Amino acid sequence: ENGDRVDIDFSFPIRLERYDASCYTVPGVSVHRGPLTYCLPIPEEWTYIGDKPPAPDNLEEVWNVTPKDGAVWNYALVLDKDDPNSSFELVQLPVSDGAKPWTEPPVGLRVAARRLPDWHTDTINDKPQTPSLPRPPLKPAAETEEITLVPFGFTRIRMTYLPALDM
């Protein structure tokens, strides 16, 4: 009827999927909000390794996508063990006018994190590979930094499972 009102609430609680510690790895989490999985984007570098010059009609293009030199990815999340949701802040991120889909995430989750200087990428044939999870004990840096996790679909190289501190 006239004057009726419908309220729709699209707020989603943050959900953590935990992986347990073992003698080989430390405890960690993946971060989800509603239907989205959030991850730490890693700045990337694209190197063309195909035989033909890159061109729109070259369907055989081959690229090697690797983390940029100096890219920082080796973080452990600092989470409140009694209320992990309170450790995250939903933020709206700037999106350029005319941005193509999936190039600039409109939202992110800010969270405190500490670097793990002893956690490095693995290499096979001198090429960086997805790193194995760090082995205990963790030796995090003293400084706490703020990082922003973004929806999975906005990344090509990412860290989706991250070690968790204070859990």
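**Chat about a predicted model**

Me: Which residues does serine 87 touch, leaving out those up to four places away in sequence?

Reply: Serine 87 touches Val78, Leu79, Asp80, Arg110, Val111 and Ala112. Keep in mind that this is a predicted model.

Me: Where does serine 87 lie?

Reply: Serine 87 lies in the loop between S6 and strand S7, which covers 88-92.

Me: Is serine 87 buried or exposed?

Reply: Serine 87 is buried. Its relative accessible area is 16%, and buried means under 20%.

Me: Now the core. Which members of the largest nonpolar core touch the most other members?

Reply: They are Val31, Leu77, Leu79, Phe88, Ile147 and Leu149. This core has 27 residues.

Me: Which strands each supply at least two residues of this core?

Reply: Strands S1 (14-19), S2 (28-33), S3 (36-41), S6 (75-78), S8 (107-115), S11 (145-151) and S13 (162-165) each do. S6 gives the most, with four residues.

Me: Why would nonpolar side chains be buried together?

Reply: It is a general trend: in soluble globular proteins, nonpolar side chains tend to be buried together.

Me: Back to Ile147. What does isoleucine 147 touch, again not counting residues up to four places away in sequence?

Reply: Isoleucine 147 touches Leu40, Tyr75, Leu77, Leu109, Arg110, Val111 and Ala113.

Me: Arg110 again! What does arginine 110 form a salt bridge with?

Reply: Its partner is glutamate 146. The closest N and O atoms are 3.7 Å apart. Arginine 110 is in strand S8 and glutamate 146 in strand S11, so the pair links distant parts of the chain, 36 residues apart.

Me: How do arginine 110 and glutamate 146 count for exposure?

Reply: Arginine 110 counts as partly exposed, at 27% relative accessibility. Glutamate 146 counts as exposed, at 58%.

Me: How many salt bridges are there?

Reply: The count comes to four. Among them, glutamate 44 and arginine 156 meet through their side chains, at 2.8 Å, N to O. Glutamate 44 lies in strand S4 and arginine 156 in the loop between S11 and strand S12, so the pair ties together parts that are 112 residues apart in sequence.

Me: Is glutamate 44 buried or exposed?

Reply: Glutamate 44 is buried, with a relative accessible area of 18%. Arginine 156 counts as exposed, at 51% relative accessibility.

Me: Switching to the surface. Which residues make the nonpolar surface patch of about 480 Å²?

Reply: Val6, Ile8, Phe10 and Phe12 make it. Isoleucine 8 lies in the segment before S1. Isoleucine 8 counts as exposed, at 61% relative accessibility.

Notes:
Residues numbered from 1 in each chain as written. Predicted model: local features only at pLDDT ≥ 70, side-chain atom pairs only at ≥ 80, totals over all residues. Heavy atoms only, no water. Core = buried A, V, L, I, M, F, W, Y, C linked by side-chain atoms within 4.5 Å. Buried < 20%, exposed > 50% of the residue type's maximum accessible area, 1.4 Å probe, protein only. Contact = heavy atoms within 4.5 Å. Patch = residues over 30% accessible without salt bridge, like charges linked within 9 Å, V, L, I, M, F, W, Y side chains within 5 Å. Areas by Shrake-Rupley, 256 points an atom, 1.4 Å probe, with all protein chains shown as cover.
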